[in-house]
Amino acid sequence: MWHKLAGSADVVMNGMKIVATAQGRILLIRTAKGLFALEDKCPHQEQTMDGGLITDSAVECPWHSVKMELASGKILNDMGFLGMPPMKTFPTKEEDGEIFVDFS
Ligand code: FES
């Protein structure tokens, strides 16, 4: 089921927005590769990704620099964290200037 989380203009290119929802904090990120939605909970110590470095296909946690792939949530850099579960990801769509995320 699709949930409206933000306006399209709220998530600028190479920017992020964190939205509090009943499903927890959701991280919206827009890059040249698309619009991504992930659970805003780092697999390492469950910290927020707020302020993390964004590249086209990844986000780096601002706390201890673990890097996650935006499309899959999978950990990319081997800092002893590769065995950890990925960040949860969700499908996104944009319609009429609004961003929707599917939590089902
Ligand atoms: S909390 Fe994200 S890398 Fe440690």
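1. Start with the sheet. In this predicted model, four strands come together as an open sheet, and their order across it is 2-3-4-8. The pairing is antiparallel. If sheets are new to you, keep in mind that strands of a sheet pair through backbone hydrogen bonds, and they can do so in a parallel or an antiparallel way.

2. Now look at the edges. Strand 2 (15-21) and strand 8 (89-90) sit there, and each has a single partner strand, so one side of each is left without a neighbour in the sheet.

3. Next, follow strand 2 into strand 3. These two make a hairpin, with two residues between them. Strand 3 covers residues 24-31, and seven bridges tie it to strand 2, the two running antiparallel. You can pick out some of the facing residues yourself: M16 has I29 in strand 3 as its bridge partner, while K17 stands opposite L28 in that strand.

4. Then go from strand 3 to strand 4. Here is another hairpin, again with two residues making the link. Strand 4 takes in residues 34-39 and pairs with strand 3 in the antiparallel sense, over six bridges. One pair to find on screen is I26 with its bridge partner in strand 4, E39.

5. Finally, is strand 3 mostly covered or mostly open? Mostly covered: of its eight residues, six are buried. While you have the strand in view, try tracing its side chains, remembering that in a regular strand they alternate between the two faces of the sheet.

Methods: Residues numbered from 1 in each chain as written. Predicted model: local features only at pLDDT ≥ 70, side-chain atom pairs only at ≥ 80, totals over all residues. Heavy atoms only, no water. Pairing = 2+ DSSP bridges. Buried < 20%, exposed > 50% of the residue type's maximum accessible area, 1.4 Å probe, protein only.
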